[in-house]
Amino acid sequence: MPTIEFENVTKLYGEDTVALDDVSFTISEGEFVILLGPSGAGKSTMLRVLNGLTQPTEGSVRIGDREIQGNRSEVGMVFQEHYLIESKTAFGNALSGALSRNGLVQSALGMHAESDKLTALEALQTVGLLEEAGQRAESMSGGQKQRVGIARALVQEPEIVLADEPVASLDPKAARDVMRYLKKAATEQDLTTITSLHQVNIAREFGDRFLGIRDGEVIFDGDADDLTMDEMDRIYYGSTQDDTTIPTGTTTKEAGEADGGRRA
Ligand SMILES: Nc1ncnc2c1ncn2[C@@H]1O[C@H](COP(=O)(O)OP(=O)(O)OP(=O)(O)O)[C@@H](O)[C@H]1O
Ligand SMILES: [Mg+2]
């Protein structure tokens with residue numbers, strides 16, 4: 001039984017912008033999926049639809065056997081901007097992930113169950129920051145903050161974690177660290193994880209499965225071995241990319257054949 005099911009999902013913004021165009025796929029429990037695609041392809045829209053932050057114009061999205069309607073507490077989100085409270089400690093920020101389970105009033109009063117505090121400490125341990133639990137966010141590096149953001153999502157006790165370009169503003173080493181901890185958390189807690197990434201090399205190191213999005217459509221679905229240079233070209237530049245390399249005077253038909261030969 002798939003955990004996540006997109007069925008003929010179309011999302012229009014206004015009347016003209018087709019952000020998702022009749023998208024269907026399923027993701028099984030525990031898969032670590034990475035979304036690749038050029039800017040404007042529809043990656044964030046896909047994640048937002050999945051979290052219930054955006055409603056599809058047509059089609060349905062299911063998690064388990066339930067259709068998504070409204071914000072889902074079983075879906076944890078990690079963003080490019082970490083949205084931590086800078087003056088709070090790593091522990092305080094992680095603990096705020098319990099908010100969606102406990103309700104606003106309890107959380108506003110600072111009433112957290114001992115079990116939540118334990119969960120927050122465990123989450124910080126999962127992302128390698130237990131010793132930094134008492135450190136304020138403002139004094140942490142970008143990579144550490146992102147790991148606190150992951151911990152906060154884990155404290156929510158989600159079934160699914162969605163991460164929208166979680167390492168976009170980090171240097172390659174910090175980015176790898178964050179992805180390593182995200183993958184570790186996903187493996188340890190058997191989470192289904194979907195992450196959008198622009199850093200293809202890093203994506204290849206961590207993804208079990210890749211969805212290539214272009215113009216609102218899923219045009220690639222496979223593992224790292226399937227993700228050849230040609231497929232990358234197709235995802236990022238479109239199949240017309242090859243036309244630019246056709247020598248002048250070659251007919252379109254010949255070009256198609258030559259291209260087929262190259263790909264074979
Ligand atoms: N709130 C919105 N209102 C109108 N159009 C939107 C909105 N959000 C996204 N779009 C449009 O929908 C399309 C898909 O955008 P989306 O943000 O999902 O792409 P993306 O793949 O996440 O891109 P990026 O890699 O730049 O983050 C784009 O054409 C974008 O301009
Ligand atoms: Mg985006």
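Which residue in β7 does V78 stand opposite? In this predicted model, the residue facing V78 is A163 of β7. The two strands concerned, β6 and β7, pair in the parallel sense over four bridges.

This pairing belongs to an open sheet of six strands. The strand order is β6-β7-β8-β3-β9-β10, and the pairing is mixed. β6 (75-78) and β10 (217-222) are the edge strands, each pairing on one side only. Direction ignored, neighbouring strands are turned by 20 degrees against each other on average. Helix α1 packs on the sheet. It touches β3, β6, β7, β8 and β9 (209-214). The direction of α1 makes about 150 degrees with that of β7. A further helix, α9 (residues 229-237), lies across β3, β9 and β10. Helix α9 runs at about 160 degrees to β10.

Within the sheet, β8 sits between β7 and β3 in the strand order. Five bridges join β8 to β7, and the two strands run parallel. One of the paired positions sets D164 against S196 of β8. On the other side, β8 is joined to β3 by four bridges, again in parallel. Here V33 stands opposite I194 of β8. β8 is mostly covered, with five of its five residues buried. Its side chains alternate in direction: T192, I194 and S196 point one way, whereas T193 and T195 point the other way. Both sets are buried.

Helix α7 (residues 172-188) has 17 residues. From its first C-alpha to its last it reaches 24 Å, close to the 24 Å expected at 1.5 Å a residue. Its buried residues are A175, D177, V178, M179, L182, A185 and A186. An α-helix has 3.6 residues a turn, so residues three or four places apart point the same way. The cover over the buried residues of α7 includes the strands β3 (32-36), β7 (160-164) and β8 (192-196). It also includes the helices α5 (114-126), α6 (142-155) and α8 (200-206). Just after α7, D190 takes a positive phi of about 50 degrees.

Ligand 1 is surrounded by Y13, T17, A19, G37, S39, G40, A41, G42, K43, S44 and T45. By type, the shell divides into three nonpolar, seven polar and one charged residue. Both β2 (17-27) and α1 (43-51) supply at least two residues of this shell. Helix α1 gives the most, with three residues. Thus α1 contributes to the ligand shell and also packs on the sheet.

Conventions. Residues are numbered from 1 along each chain as its sequence is written. Chains are lettered from A and ligands numbered from 1 in the order in which they are written. This is a predicted model: local features need pLDDT of at least 70, side-chain atom pairs count only at pLDDT 80 or more; totals for chains, interfaces and linings use all residues. A residue is near a molecule or strand if its C-beta atom, placed from the backbone, lies within 6 Å of it. Ala, Val, Leu, Ile, Met, Phe, Trp, Tyr, Cys and Pro count as nonpolar, Asp, Glu, Lys and Arg as charged, and the others, Gly among them, as polar. The expected span of a helix is 1.5 Å times one less than its number of residues. A residue is buried if 20 or more other C-beta atoms lie within 10 Å of its own, exposed if 12 or fewer, and partly exposed in between; C-beta atoms are placed from the backbone. Two residues are in contact if their C-beta atoms, placed from the backbone, lie within 7 Å. Two strands pair if DSSP finds at least two bridges between them. Axes are lines fitted to C-alpha atoms, for helices over the stretch in contact, and angles run from 0 to 180 degrees between N-to-C directions.
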